[in-house]
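Trainee: Could you walk me through reading a few local features in a model? I'd like the general idea, then the case at hand.

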Amino acid sequence: MEHGYISENLRAVRENIDAVKRRLGIEREITVVAAVKYADADEIRYLCSECGVRELGENRVQQLLEHYEALGGLDVGWHFIGTLQTNKVKYIADKVCMIHSVDSVRLAREIDRQAKKHGRVIDVLVEINSGAEENKSGVLPEEAEALCLEISQLENIKLRGFMTMAPRCEKKEDYIKYFSQTYAKSLDIWTKKLHNISRPIISMGMSDSYGEAIECGADIVRIGRSLFIK
């Protein structure tokens, strides 16, 4: 099957990112994590082998396991970006480079326990429910600090920053509101409560909002539909 549309889509995404960076004078690197929820193994292989993408994001454990096996040998980093149940952590603890969706002490402790079994330290992000939506995972903004302090005590996971999924918005300014609030909360916790000198990693923005996310401080954008649409 011809997969040229993927390289065209990726080029458009990268050009859009570069345009945002030029417009705002942003010099930091923006990492594109390809959200491969709707992609098949051949599409993912093309994206990595022919287009040079090295960071892949999965929303479901079973799908990650299937793609991991099918794509064995590819030099890629696997990010878990969906809701993660504690009883599923054991299946991915030896495979992922980062978990973006830590939203409870219970989950953090299980990741720590499973990482220890494999002699690993797993990078994690605390997921903030920026819109306080009842049907969304993530810790409420006002509860994020306490969770971060608990995670900082664990030895086999390393808190690297924060992730959010904004509500679906019709207007650009609404995305900016949620992203800027998350960024401000993240910096407050990172510098004032955790006393870190380095900058936190901020994962936010998807196909319909990555430009606004970068404008508000994102380092990682999770792009799915825009890469694989034909």
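Mentor: Sure, start here: the side chain of Thr164 reaches the backbone oxygen of Ile128 at 2.7 Å. Keep in mind that this is a predicted model, where local features need pLDDT of at least 70 and side-chain atom pairs count only at pLDDT 80 or more, while totals for chains, interfaces and linings use all residues. Residues are numbered from 1 along each chain as its sequence is written, and side-chain values use heavy atoms, with hydrogens and water left out.

Trainee: Which side chain shares a polar contact with that of Thr164?

Mentor: A polar contact is a pair of N or O atoms within 3.5 Å; within protein, one must be able to donate a hydrogen and the other to accept it, and residues adjacent in sequence count only if both atoms are side-chain atoms. Here the partner is the side chain of Ser130, at 2.9 Å.

Trainee: Is Thr164 buried or exposed?

Mentor: Buried means under 20% relative accessible area, exposed over 50%, partly exposed in between (1.4 Å probe, protein chains only). Thr164 sits at 1%, so it counts as buried.

Trainee: How many disulfides does the structure hold?

Mentor: A disulfide is a pair of cysteine sulfur atoms within 2.5 Å. This structure has zero. For Cys97, the closest cysteine sulfur is in Cys48, 12 Å away, so that is too far for a bond. Cys148 has its closest cysteine sulfur in Cys97, at 19 Å, again too far.

Trainee: And what is the accessibility of Cys97 and Cys148?

Mentor: Cys97 is partly exposed at 30%, whereas Cys148 is buried at 0%.
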